[in-house]
Amino acid sequence: MTSPAPSVVPAPLPKPNALFEYLQRLGDDRLILGHRLSEWCGHGPILEEDIALANVGLDLLGQATILLRMAGEVEGQGRNEDALAYFREAVEFRNCQLVELPKGDFAFTIARQFLFDVYDVVLLDALAKSTNAELAAIAVKSLKEARYHVRHSGERMLKLGDGTDERHRRVQAALAELWRYTPELFAADEIDAELAASGVVPDLATLKPQWDSLVRDVLDRATLTTPNDVPRLPRARGGRAGAHTEHLGHLLAEMQIVARSHPGASW
Amino acid sequence: MIRSLGAATRDEILAVLDTVMDPEVPVLSVRELGIVRDVLVDDRDGVTVVVTPTYSGCPAIKVIEHDIITALADAGFGNAKVRTTYSPAWTTDWIPESARAKLKAYGIAPPGAIAGNDGLVQLMRARQAPPCPCCESPDTEVRSEFGSTACKSVCWCRSCGQPFEEFKAI
């Protein structure tokens with residue numbers, strides 16, 4: 001007599017910790033964009049911009065440190081901010097694809113920064129009212145910094161767009177290339193929905209009109225054309241779930257190599 | 001010498017912290033900058049100094065923590081700890097008038113009033129530059145929001161032709 005074959009019931013996938021996931025999204029956006037800005041250090045077109053981009057990058061790295069530290073605490077597996085920054089693989093990163101694109105020329109860097117800074121201010125303004133007190137405190141602090149970030153990138157957009165033909169051409173081309181990466185900023189999934197239900201995070205859809213109007217206002221004043229919402233190439237998506245462009249792996253290789261070559265080292 | 005915490009008063013510890021200068025702006029103590037938020041004295045846990053960073057990415061914060069612990073150890077308060085808090089967020093409003101005068105004498109324009117949170121549409125509005133700390137002229141301009149440290153911007157005085165730094169109001 002044979003015993004009945006054991007029924008194969010796959011174990012249910014553990015439900016991801018929504019807050020841990022979300023904190024990685026916030027932290028990774030800042031970590032990766034901060035790294036991209038740091039690539040300008042010593043290469044800025046003028047000294048003031050070299051210093052400005054390094055300063056903004058430093059703010060973003062500082063915010064990433066705080067957010068990833070909190071993410072590690074929420075996860076409860078003993079990972080700190082360094083473990084998350086240096087010992088995760090590309091598929092484990094939760095940043096949007098916009099921030100991982102190579103820095104390009106100065107116009108591309110400024111246009112990307114402007115699109116992100118406006119998103120950041122709108123998002124942080126909403127997160128400052130989070131029902132999670134710790135997240136709200138981090139948002140209030142970061143918002144102070146995001147406000148002068150957007151003042152800087154917005155003003156640069158005006159100078160590039162309403163400047164020489166060459167400046168205008170380059171920044172308009174950058175916008176055309178970047179535009180398909182912006183819908184991802186507002187694409188909510190089940191993580192957002194779960195956290196929004198308890199008031200921890202805002203409903204991303206409610207932020208989009210604010211972003212649209214702020215971006216359009218500056219682009220109009222900069223005599224730039226807001227790109228068509230139906231882009232030539234498909235819209236970017238999936239960064240929040242670990243799907244990235246080929247560029248992230250190269251960035252991580254550079255960012256992580258020292259920590260991985262000398263694990264546990266301190267300096 | 002490790003002193004008994006029974007004798008440790010909060011005021012004594014605050015007096016020690018008055019001697020710990022900010023590494024980037026060495027005319028101001030960490031208390032004058034508003035970085036020190038609280039001092040906790042507990043017989044079991046010892047001394048804990050609660051600090052808040054000025055900027056999220058301020059590279060000086062580790063040095064400041066080290067300086068605080070060292071100064072307290074030198075004063076006999078061994079094993080002091082530093083804890084970081086983010087709420088309420090640091091603001092230049094916590095810098096007292098006396099400290100603002102020291103900043104100005106050092107050649108750094110003290111922080112002005114914080115721009116009101118008057119809605120997102122006002123984000124791009126240019127702000128007023130502070131008077132020149134050298135010649136007092138109001139005929140100045142902000143050259144860059146970003147200077148030698150996260151907390152300073154770079155300004156220019158049209159009157160005396162002197163560039164100067166401003167402690168940013170946030």
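**A friendly tour of a two-chain model**

Modeller: Leaving aside neighbours within four places in sequence, A111(A) is in contact (C-beta atoms, placed from the backbone, within 7 Å) with M157(A), V171(A), A174(A), L175(A) and L178(A). This is a predicted model, where local features need pLDDT of at least 70, side-chain atom pairs count only at pLDDT 80 or more, and totals for chains, interfaces and linings use all residues. Residues are numbered from 1 along each chain as its sequence is written, while chains are lettered from A and ligands numbered from 1 in the order in which they are written.

Biologist: Which helix gives the largest share of the largest nonpolar core?

Modeller: A nonpolar core is a set of buried Ala, Val, Leu, Ile, Met, Phe, Trp, Tyr and Cys residues joined through C-beta atoms within 7 Å. Of its 108 residues here, L67(A), L98(A), A111(A) and V118(A) touch the most other members. The largest share, 14 residues, comes from residues 106–127 of chain A, a DSSP run (H or I, at least four residues, numbered from the N terminus) called helix α4.

Biologist: Is E49(A) buried, partly exposed or exposed?

Modeller: E49(A) lies in helix α2 (residues 47–75) of chain A. A residue is buried if 20 or more other C-beta atoms lie within 10 Å of its own, exposed if 12 or fewer, and partly exposed in between. E49(A) has 19 such neighbours, so it counts as partly exposed.

Biologist: How far apart in space are E49(A) and R156(A)?

Modeller: In sequence, E49(A) and R156(A) are 107 residues apart. In space, C-alpha to C-alpha, the distance between them is 9.6 Å.

Notes:
Helix = DSSP H or I, 4+ residues; strand = E, 2+ residues; numbered from the N terminus. Contact = placed C-beta atoms within 7 Å.
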